[in-house]
Amino acid sequence: MLDEKDDTLQNNGSNDQTITSKGDSREESEIDKTEATGNETVNEEKTAENKPEVDKKPNDELLNEIDDSNAEDAEDTDNHQRHVIPVLDYHALSMENLVGELQRLVKNEKVQAIKKHVDGIKYEFDLKFQEFIDQKKEEFIENGGQEIDFKYNSVTKRQYNEVYSEYREKRNQYYKSLEKSLKDNLENRLQIIEDLKGLVTIEEDINTTYKSFKDLQESWRQAGPIPRNNYNDVWRTYHHHIEIFYDFLHLNRELRDLDFKRNLEEKEKLADRAEALEKVEDLNTAFQELQTLHKIWKEDIGPVDKQHREAIWERFSNATKALHNRRQDYYAEIEKTYEVNLVKKTEIIASIDAITAKVANNHKGLQQQIKEIEILRNEFFGAGKVPQKVNEKTWATFKNSVRAFNRKKNNFYKDQKKEQQDNLDKKRALLDLALRLKDSENSADVTSEMKRIQNEWKQIGHVPRKYSDKIWKQFKDACNHYFNKLHASKNEAQKEELENFEQKNKCLERLQAFTLSGERTKDLEAIKGFIGEWKTYGRVPFNKKNINVKFNKILDVLFKKLDIDRKEGELLKYGNKIEQLSQNEDTELALQRERTFIRRKIDECKNEVRQFETNLQFFSNASEDSPVVKDVIKKINVHKEELATWKAKLKKLNIFKHTLTKESEEDAEKLNDDADNEV
């Protein structure tokens, strides 16, 4: 491929004169010079740099790329397969998918053809795994762990290591088996070059020398692949001495010109094919074809005469340059796409930062933000490549943004974990209290306490999930145990209340059927008998208490017919109320509440009388026959009557309480006497 670049060696070392004698001192001088420079390719390349600028300038970058690629292909005939194995967007793949793609390549492709693919996968997997492990380490430390104690067993990482180790083992076996063959082939080719160099010093017939030359060329073609690191240097040296043989040896002009002509025709064909590549739409296909043309140019076709060397090389080089320019334009367009991708990724990072700046302070909101961050992460990985110069920086910024969110998220759950532990302690205290109270017989106090701790339980927040169900079941069972026992007790009491209701209902029916005889005293005694009977029946079910109202209404009608004043009637009925109070579970408390209620009513009546009497003073000049004055006086009298009634009720209540207290004291004395007698 680069044989034309070495033309300067010949142009600088000889002129257009035909050498006519092997013994010519100038020929000997040139041979010595060639031998001095032919052993070191570096010296040859330095001389080649003196070529005209037009030859060197356009394609150096592309030519080096082609040289390197052909050197890699030349090492193994199967290596060219790497050109047809698709290179995926590994940046957009998850760690799991990267492992899957690596497995597919190692299993199905030639190991020497997938180096570029494996390197790309390794680079992206290492970045993603480092981000993943950093996040796990932060969570571990934030949850109270020490960094030195952090360990994380990743199944994905283990699978990746296994597949990558398999790739390295296959690659090492391949190169180990290839190494000796490549080394032997290299020594063979170097020996051919030495033999080629020696042809110019052999004293023999020109035809014999030419035949030896052709034999060496054929041996070169059959010599096999050599290490890629030596490929270009060895080929340059070989072509260098091929041209020296043509230029410095006294060959038959017709024979030499025939070779030059045939070589020129072949190189013109290559130039035609190279120029046609400009119309090939698929740049990858065109570039692979160009690589093949350069390989043929270098390996299969010899030199041409001096007058055509520069021209044919320039033509082939210009065709290469045209494709190079197309590639440059293509990559420039791709670079624009990368810039667009950079804008997208920058916006995604800004969105992550915006969420991080307002992290939710509740579980539901934070879970929603976690989903949003995950969507943004996937969008980032799917946004495509960015310019290489900012790739590392963009990736680092993205990692830091995600890490900042995770840090705040972890802090929230760390604080929540502490709060949940505090809640657990509070609920455990309530559970202990419920367990102590569940078998209590003091329903009056315990029922309200059990209801209180149930309400308090509801006000306490979440507890750690692993304790939540267990402690709730224990608390619920304790509460149910108490209330089930209470309800069972109430059910027993309910039977008695229903029986009381039946008795009161029968009494009510008889009262409804009662008719006055006309004898006031007799009728009043009969009504008192109904009242006395009513008192003997205890409490009725709460939803049937309206029967007491019905009873009192009938009494009011009868009292009215008997012309009994309101106060007397109220006091007669009030005995029923006192009887109901005495049946309360806490009689003392019930009586105290009733006394408070009556005193409040007495105060209200006094205030009303006082207010109306004050108002009456404003009518000092008004006649007593004035409707307004009459209305005020009427209201004063009504309230005074109510006041008297309430005072009478209070007196009756006090007498009843005094009686209960006296009975209680007598019972206490009797108990003491009994105790003394027992002693």
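In this predicted model, helix α6 leans on α8 through Met95, Glu96, Val99, Leu102, Gln103, Val106 and Lys107, which meet Thr156, Gln159, Tyr160, Val163, Tyr164, Glu166, Tyr167 and Lys170 of α8. Sorted by class, the residues of this α6–α8 contact come out as eight nonpolar, three polar and four charged. The two axes are 10 Å apart, and the helices pack at an angle of about 25°. With that angle under the 35 degrees cut-off, α6 and α8 therefore count as roughly parallel to each other. Their crossing is left-handed.

Two of the residues in this contact, Leu102 and Tyr167, turn up again in the largest nonpolar core. That core holds 25 residues, and Leu102, Ile114, Phe125 and Tyr167 are the ones with the most contacts inside it. Which elements give two or more residues to this core? They are α6 (95-108), α7 (115-142) and α8 (155-198). Of these, α8 gives the most, with seven residues. Tyrosine 167 is worth a look on its own: setting aside neighbours within four places in sequence, it is in contact with Val106, Val111, Ile114, Lys115 and Val118. Val106 belongs to the α6 side of the α6–α8 contact, while Ile114 is another of the residues with the most contacts inside the core.

Further along α8 lies leucine 196. Is this residue buried or exposed? Leucine 196 is buried, because its relative accessible area is 2%, against a cut-off of under 20%. Neighbours within four places aside, leucine 196 is in contact with Phe213, Leu216, Tyr238, His241 and Ile242. Serine 212 is 16 residues away from leucine 196 in sequence, and the C-alpha atoms of the pair are 8.8 Å apart in space.

Next comes the group built around α15. Helix α13 (residues 306-357) and helix α15 (residues 388-437) have axes that come within 9 Å and cross at roughly 20°. That makes the two helices roughly parallel, and α13 passes α15 in a left-handed crossing. On the α13 side the contact is made by Leu342, Lys345, Ile349, Ile352, Asp353, Ile355, Thr356 and Ala357. Their partners in α15 are Val390, Thr394, Thr397, Phe398, Ser401, Val402, Ala404, Phe405 and Lys408. The residues of this contact split into ten nonpolar, four polar and three charged.

Leucine 342 is one of the α13 residues involved. Beyond residues up to four places away in sequence, leucine 342 touches Val386, Pro387, Val390 and Thr394; Val390 and Thr394 are among the α15 residues that α13 meets. Glycine 384 sits 42 residues from leucine 342 in sequence, with 8.5 Å between their C-alpha atoms.

Helix α15 also packs against helix α14 (residues 363-382), here at an angle of about 165° and with the axes 12 Å apart. An angle over 145 degrees is what the antiparallel label calls for, and α14 and α15 are therefore roughly antiparallel to each other. α14, too, passes α15 in a left-handed crossing. From α14, the contact draws on His363, Leu366, Gln367, Gln369, Ile370, Ile373, Arg377, Phe380 and Phe381. From α15, the residues are Thr394, Trp395, Phe398, Val402, Phe405, Lys409, Phe412, Tyr413 and Gln416. By class, that gives eleven nonpolar, five polar and two charged residues. Thr394, Phe398, Val402 and Phe405 of α15 meet residues of both α13 and α14.

The loop between α14 and α15 is home to alanine 383. Alanine 383 counts as buried because its relative accessibility is 12%. What does it contact? Neighbours within four places aside, the partners of alanine 383 are Asn341, Lys344 and Lys345. Lysine 345 is 38 residues from alanine 383 in sequence, yet the two C-alpha atoms are 6.7 Å apart in space. Lys345 also appears among the α13 residues that meet α15.

As for the protein chain as a whole, it has 22 helices and zero strands. Buried residues make up 40% of its 679 residues. Among contacts with a separation of 6 or more, 79% come from residues 24 or more positions apart.

Technical notes
Residues numbered from 1 in each chain as written. Predicted model: local features only at pLDDT ≥ 70, side-chain atom pairs only at ≥ 80, totals over all residues. Heavy atoms only, no water. Helix = DSSP H or I, 4+ residues; strand = E, 2+ residues; numbered from the N terminus. Contact = heavy atoms within 4.5 Å. Axes fitted to C-alpha atoms, helices over the stretch in contact; angles between N-to-C directions. Parallel < 35°, antiparallel > 145°, perpendicular 65-115°, else oblique. Left-handed = near helix turned anticlockwise from the far one by under 90°. Nonpolar A, V, L, I, M, F, W, Y, C, P; charged D, E, K, R; others polar. Core = buried A, V, L, I, M, F, W, Y, C linked by side-chain atoms within 4.5 Å. Buried < 20%, exposed > 50% of the residue type's maximum accessible area, 1.4 Å probe, protein only.
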